[in-house]
Amino acid sequence: MNRFPRLLSFITGAAAAGALLTTSACSGEGGSVSQTGGAGRGRGGDPTVPVTVAQVVQKQMPIEIRVIGAVEAYSVVSVHAQITGQLTDVNFKEGEDVSKDQLLFALDRRPLEAALMQAQANLQRDIAQTTNAKAVAQRYADLAGRGIATTEQVETSRSSAVALEATVEADRAAVENAKVQLQYATITSPIAGRTGALMVHEGNLVRAQDAAPLVVINQVAPIYVSFAIPESRLAELKHFLALGTLAVEAQPPNDEAVSSRGHITFVDNNVDQTTGTIRIKATFTNEDRRLWPGQFVNVIVALTKDLTAVVVPTAAVQVGQQGQYTYVVKPDHSVEYRAVVVERTAGLETVIKSGLKASETVVTDGHLRLVAGSRVSIKGEESQVAP
């Protein structure tokens, strides 16, 4: 009899415990859903993707050739000594500008002055001997007319006079040569330009056969910029060059100043078959000495202008497995995947050949989170493209 109350008590307790577990389980499941739902509203309550956009515009754009070029001196002169002698004077500092005909070097003049004096003395001596020989020849001719001198004596005297006249001409040439050699003792600059490192200093003996120059002078104003363009653009370049002078801009890297401006003055007569390019030279006045020989520069050749170019910021064009594309924002703020064909790029702007039209809106930032059909919220509008 005592068993039944215990069993009833056990069953009642078990039922209460089961009801408690069931309630706890339901309560726990409800709490989980509530948390998930709360989290979903926090992150996904706004299903749009924030992006930055820009408008496609139609405007005037230059048609250009952009390459890397190298600056070359307009003229390069290696100054050598033309005679052998001791260097007695250097009249410039290495690395400074010199003008044309400015005195650069002076060599010891004394041996050359002595050689000139000797040549002049020889000339005076032979002139005197020639004068005497002519007088003797004339006397023999007079005596022969009177039958006193023989024909042989007359011819001999005339030959001596003629030989001495030739000697006088040789002496005159020797005098001129001595004067030229004396002029070589003074070395002047043949061009206006910038001097390089001084190779020989005062007191050294220089020789006419020395391979190393005394100094190298580069003419830097005006100056050349040499560059190569692809063979495929040669016909285009020649077409616009025939219409008039083509302007060229050159800008050193990391230089934010206004580009130096010049014009094309040389097109090579041969295409380099190893590279498929042709060499071009442009001339710049370079009065500000901004361009320097040996320097690499960014070169822009302005050919003409496209008056109806369709332009977007370069950041709007992406590259995928199917090629280049962009996302176009439709009026309902959904995006459309649009394949495009790029005609050319000019810095921060890209000219579109096909795939877009003016007044459409494209995404410039936020592409990685987009797929076709995504809805977007616009953070701001880019201003890379100027109307």
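Reader: Which residue of strand 12 is the bridge partner of Phe 227?

Author: The model under discussion is a predicted one. Strand 9 and strand 12 (residues 277-284) run antiparallel and are joined by 8 bridges. Within strand 12, the bridge partner of Phe 227 is Ile 280.

Reader: Which residues, besides Phe 227, are named in the second, separate core?

Author: The largest nonpolar core holds 28 residues. A second core, separate from it, has 25 residues. Along with Phe 227, this second core includes Leu 291, Val 299 and Leu 303.

Reader: How many residues of the chain, as a percentage, reach a pLDDT of 70 or more?

Author: The predictor's confidence varies along the chain: over residues 1-45 the pLDDT is below 50, and this stretch has 1 contact beyond near neighbours in sequence. Residues 383-387 also stay under 50, although the model gives them 12 contacts beyond four places in sequence. Where pLDDT is low, the predicted coordinates should not be read in detail. For the chain, the mean pLDDT is 86, and the share of residues at 70 or more is 86%.

Reader: How many helices and strands does the secondary structure of the chain come to?

Author: The chain has 387 residues, of which 33% count as buried. Among contacts between residues at least 6 apart in sequence, those joining residues at least 24 apart make up 77%. The secondary structure comes to 4 helices and 20 strands.

Reader: How many bridges join strand 2 to strand 13?

Author: Strands of a sheet pair through backbone hydrogen bonds, either parallel or antiparallel. Strand 2 pairs with strand 9 in the antiparallel sense over 10 bridges, and there Val 77 stands opposite Ile 217. Strand 2 also runs antiparallel to strand 13 (residues 296-313), where Ala 302 is the bridge partner of Glu 64. The number of bridges joining strand 2 to strand 13 is 13.

Reader: Which residue of strand 9 is the bridge partner of Thr 195?

Author: Strand 7 (residues 193-195) runs antiparallel to strand 9, with 2 bridges between them. The partner of Thr 195 in strand 9 is Ile 217.

Reader: What is the order of the strands in the open sheet of 4 strands?

Author: Strand 6 (186-188) and strand 8 (205-206) are the edge strands, as each pairs on one side only. Strand 3 (residues 85-90) pairs with strand 8 in the antiparallel sense over 2 bridges, with Gln 86 partnered by Leu 205. Pairing in this open sheet is antiparallel, and its order is 6-5-3-8.

Reader: Which residues of the largest nonpolar core touch the most other members?

Author: Strand 2 (57-79), strand 3, strand 5 (103-107), helix 2 (110-145), helix 3 (151-183) and strand 9 (215-230) each give two or more residues to this core. Beyond its neighbours within four places in sequence, Val 79 is in contact with residues including Leu 104, Phe 105, Leu 214 and Ile 217. The residues that touch the most other members are Val 79, Phe 92, Leu 104, Phe 105, Leu 214 and Ile 217.

Reader: Which residues lie nearest the centre of the largest pocket?

Author: The largest pocket has a volume of about 170 Å³. Strand 2 and strand 6 each supply at least two residues of its lining. Of the 13 lining residues, those nearest the centre are Val 79, His 80, Gln 82, Ile 187 and Thr 188.

Reader: Which residues line the largest cavity?

Author: A search of the whole structure finds 1 cavity of 30 Å³ or more. The largest cavity contains about 30 Å³ of space. Its lining consists of His 80, Ala 81, Val 206, Arg 207, Asp 210, Ala 212 and Leu 214.

Reader: Does Ala 316 count as buried or exposed?

Author: Ala 316 lies in the loop between strand 13 and strand 14 (318-320). Leaving aside neighbours within four places in sequence, Ala 316 is in contact with Tyr 325, Thr 326, Val 362, Val 363, Thr 364 and His 367. Because its relative accessibility is 1%, below the 20% cut-off, Ala 316 counts as buried.

Reader: Where does Asp 272 stand in terms of relative accessibility?

Author: Asp 272 is found in strand 11 (residues 260-272). Its C-alpha atom is separated by 8.8 Å from that of Glu 231, which is 41 residues apart along the chain. A relative accessibility of 35% falls between the cut-offs of 20% and 50%, so Asp 272 counts as partly exposed.

Methods:
Residues numbered from 1 in each chain as written. Predicted model: local features only at pLDDT ≥ 70, side-chain atom pairs only at ≥ 80, totals over all residues. Heavy atoms only, no water. Pairing = 2+ DSSP bridges. pLDDT = per-residue confidence, 0-100. Contact = heavy atoms within 4.5 Å. Core = buried A, V, L, I, M, F, W, Y, C linked by side-chain atoms within 4.5 Å. Buried < 20%, exposed > 50% of the residue type's maximum accessible area, 1.4 Å probe, protein only. 1 Å grid on protein atoms, 1.4 Å probe; cavity = no way out; pocket = protein on both sides within 12 Å on 5 of 7 lines; lining within 4 Å. Points joined across faces, edges and corners; volume = space filled by probe spheres on them.
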